[in-house]
Amino acid sequence: MNFDALFDHIGQHTVDGLAKGAIYALVALGYTLVYGVLRLINFAHSEVFMVGTFAVMWTWIGIGAGNTPSIGIAILLLVLGGLVGAAASGGTAVLVELVAYRHLRRKNAPSLVFLITAIGVSLSLTEIFGIFTGNGERKIQGMPTILNQSIAIDFLGVEITNLQLIVLAAAFLMMIGLDQFINKTRYGRGVRAVAQNPDTAALMGVNKDRVIVLIFALGGLMAGVAAVLWNMRYGFTRFDIGFVIGLKAFTAAVLGGIGNLRGALVGGLLLGVIEVYFATLTASKWEDVFAFIVLVVVLMFRPTGLLGESLGRARA
Amino acid sequence: MLLEIDNVTLHYGRIQALHGISLNVNEGEVVALIGANGAGKTTTMRAISGLRPVSSGRIRFNGEDITNVRADLRVIRGIGQSPEGRGVFPGMTVRENLDMGAYTRRDAAGIAEDMERVLTLFPRLQERIKQNGGTLSGGEQQMLAVGRALMSRPKLLLLDEPSMGLAPMLIQQIFSIITEINEQGTTVLVVEQNAQQALSRAHRAYVLETGNIVKEGTGQDLLHDPAVKAAYLGVA
Ligand SMILES: Nc1ncnc2c1ncn2[C@@H]1O[C@H](COP(=O)(O)OP(=O)(O)OP(=O)(O)O)[C@@H](O)[C@H]1O
Ligand SMILES: [Mg+2]
């Protein structure tokens with residue numbers, strides 16, 4: 001355990017962790033939205049993210065983007081990537097709902113059937129991308145480096161890169177937008193009504209199916225934005241990229257309190273920070289393992305997470 | 001005729017809860033539906049609001065067949081309900097709960113007017129307007145559920161045991177409010193255990209027994225019917 005390495009640069013590690021966790025937080029929102037309304041862990045959500053990374057990569061390569069373009073072009077590519085990623089991930093999420101889950105709901109299928117279906121959809125999408133992309137070689141696929149990284153802010157020795165700034169700003173903006181939408185708009189109120197009491201929501205004139213499509217679309221949209229941020233940060237993707245990111249985002253959702261939107265943000269950021277701290281202490285080796293240790297510990301000692309549940313409060 | 005239920009049967013899985021009931025509600029009426037626990041009163045409400053599909057029979061509202069119309073679309077046609085158990089949204093404030101009642105409406109001016117009217121009917125809700133629904137007392141939740149149903153400005157208001165869990169004084173009050181709502185032009189179908197109150201307030205009433213309508217008549221007729229007296233009014 002290298003405590004000096006951690007504490008000598010604790011500020012820097014915290015910033016790095018927050019930027020890392022912001023991506024988890026965005027993906028975590030998808031788990032939390034669907035869980036809050038349907039009490040379903042949508043394991044296919046990891047692939048919703050994966051599809052987004054591919055869509056963004058193909059768009060960048062397709063329009064002939066080169067390495068480290070000028071800042072204007074970089075921003076253009078990011079915005080374009082964000083739109084494409086959101087559309088691709090949102091579309092995939094809605095498709096999964098329409099093709100797989102809706103039918104099961106009509107049949108009043110038990111929740112175990114939903115869970116198995118979710119895992120099945122997840123594996124199918126992973127394999128489809130494994131076979132049909134990258135010549136079926138199942139290897140990492142690189143893409144142009146969109147952003148020329150540089151230090152944007154140097155505050156008391158804590159350096160924040162332009163990339164970290166973009167990631168954090170994008171994640172916070174998306175979070176605030178989603179929070180406002182859910183808590184302040186008529187459609188958002190419909191979502192909360194279905195989460196809190198689906199039968200009464202119908203008696204108020206809320207179309208449950210439409211609400212469900214909406215939450216899948218919103219969750220997908222957030223995952224799509226996470227996908228473009230991922231591509232920008234790491235510059236590669238792979239058919240099974242969703243697995244680890246998905247599990248970490250799910251951990252983040254559980255950590256913050258699944259079903260709670262603000263919990264997803266808190267959980268994601270916290271997990272990112274914990275990971276970076278732990279990677280520093282152990283010189284990286286244990287980083288990924290640690291996320292899952294966190295998951296198990298949270299489930300054991302505080303299954304409702306840090307903030308508890310809010311979207312579907314008191315359905316029980 | 002505003003509501004016409006024609007020979008409706010309904011099943012929960014293999015259990016048959018309604019055995020071919022027929023019942024009418026005319027525009028402007030207060031109609032009561034009374035019966036023992038498990039008679040099928042709530043089930044009848046679910047059939048009317050569309051929460052449960054009927055197995056056979058027809059339901060007509062305002063002259064149109066709505067048997068296969070989705071529950072949320074029946075609200076738009078003018079059916080509002082305060083369900084059994086109140087169904088308050090616990091994580092929404094009183095105002096948000098009331099706003100949910102107006103979910104299908106877009107006429108901001110009309111909604112504001114109805115909000116005013118509901119808060120005048122139930123001053124207690126005004127006092128609690130920013131409080132979460134889940135933190136209200138049982139009686140307050142009941143007022144919220146009735147007020148919320150009014151917010152859709154329904155042609156037909158369905159009330160499932162509006163007096164449940166209320167103190168005797170509040171029971172009087174909620175029935176007075178039902179009469180008031182009716183006099184303001186809303187047709188009401190009310191399910192009640194409290195048969196005395198319901199029958200004395202209703203123009204007409206039906207008695208439901210194990211999924212069958214066994215009696216119907218004016219409220220006054222049933223109030224003085226020996227069998228009804230013995231079974232539902234606790235008078236030998
Ligand atoms: N969801 C359900 N699944 C299975 N059976 C049900 C369900 N809901 C009601 N039943 C059954 O249908 C019958 C009618 O129930 P219902 O709730 O309509 O009675 P009720 O007249 O409203 O009674 P109460 O006065 O106790 O509210 C009962 O035998 C009940 O057990
Ligand atoms: Mg009942």
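Helices here are DSSP runs of H or I with at least four residues, and strands are runs of E with at least two, numbered from the N terminus. Keep in mind that you're working with a predicted model.

**Exercise 1. Describe chain B: how many helices and strands does it have, and how does its radius of gyration compare with the globule rule?**

Step 1: Tally the elements. Chain B comes out at ten helices and ten strands.

Step 2: Check the size. For 236 residues the globule rule gives 18 Å, and the radius of gyration of chain B is 17 Å, so chain B is as compact as a globular protein of that length. The C-alpha trace of chain B spans about 45 × 40 × 35 Å along its principal axes.

Step 3: Look inside. Of the 236 residues in chain B, 47% are buried. Take the contacts in chain B with a separation of 6 or more: 64% of them link residues 24 or more positions apart.

**Exercise 2. Work out the surroundings of B:Val8: is this residue buried or exposed?**

Step 1: Place it. B:Val8 sits in strand S1 of chain B, which covers residues 3-12.

Step 2: Count neighbours. The cut-off for a buried residue is 20 or more other C-beta atoms within 10 Å. B:Val8 has 22, so it's buried.

Step 3: Name the contacts. Leaving out residues up to four places away in sequence, B:Val8 touches B:Leu18, B:Gly20, B:Ile21, B:Ala47, B:Val54, B:Gly57 and B:Ile59.

Step 4: Try one distance. B:Leu23 is 15 residues from B:Val8 in sequence, and their C-alpha atoms are 9.4 Å apart.

**Exercise 3. Map the shell around ligand 1: which element gives the most residues?**

Step 1: Collect the shell. Ligand 1 is surrounded by 13 residues, and the closest are B:Tyr12, B:Asn37, B:Lys41, B:Thr42 and B:Thr43.

Step 2: Assign elements. In chain B, strand S2 (15-25) and helix H1 (41-49) each supply at least two residues of this shell. The most come from H1(B), which gives three.

Step 3: Sort by character. The shell around ligand 1 holds four nonpolar, seven polar and two charged residues.

**Exercise 4. Describe the chain contact from the side of chain B: which helices give two or more residues?**

Step 1: Count both sides. Chain B puts 21 residues into the contact and chain A puts in 17.

Step 2: Find the elements. On the side of chain B that touches chain A, helix H2 (71-77) and helix H3 (94-101) of chain B are the ones giving two or more residues.

Step 3: Sort them. That side of chain B has ten nonpolar, eight polar and three charged residues.

**Exercise 5. Size up chain A, then find how its helices H6 and H7 cross.**

Step 1: Start with the whole chain. Chain A has twelve helices and four strands. A compact globule of 316 residues would have a radius of gyration near 20 Å, and the 19 Å of chain A agrees with that. Buried residues account for 50% of chain A.

Step 2: Get the geometry. The axes of H6 (residues 162-184) and H7 (residues 186-196) of chain A come within 5 Å and cross at roughly 75°.

Step 3: Classify the angle. The roughly perpendicular range is 65 to 115 degrees, so H6(A) is roughly perpendicular to H7(A).

Step 4: List the contact. H6(A) brings A:Phe181, A:Ile182, A:Asn183 and A:Lys184, while H7(A) brings A:Gly188, A:Val191 and A:Arg192. By character, the residues of this contact are three nonpolar, two polar and two charged.

Notes: Residues numbered from 1 in each chain as written. Chains lettered and ligands numbered in written order. Predicted model: local features only at pLDDT ≥ 70, side-chain atom pairs only at ≥ 80, totals over all residues. Near = placed C-beta within 6 Å. Nonpolar A, V, L, I, M, F, W, Y, C, P; charged D, E, K, R; others polar. Axes fitted to C-alpha atoms, helices over the stretch in contact; angles between N-to-C directions. Parallel < 35°, antiparallel > 145°, perpendicular 65-115°, else oblique. Contact = placed C-beta atoms within 7 Å. Rg over C-alpha atoms; globule rule 2.2 N^0.38 Å. Buried ≥ 20, exposed ≤ 12 C-beta atoms within 10 Å, placed from the backbone.
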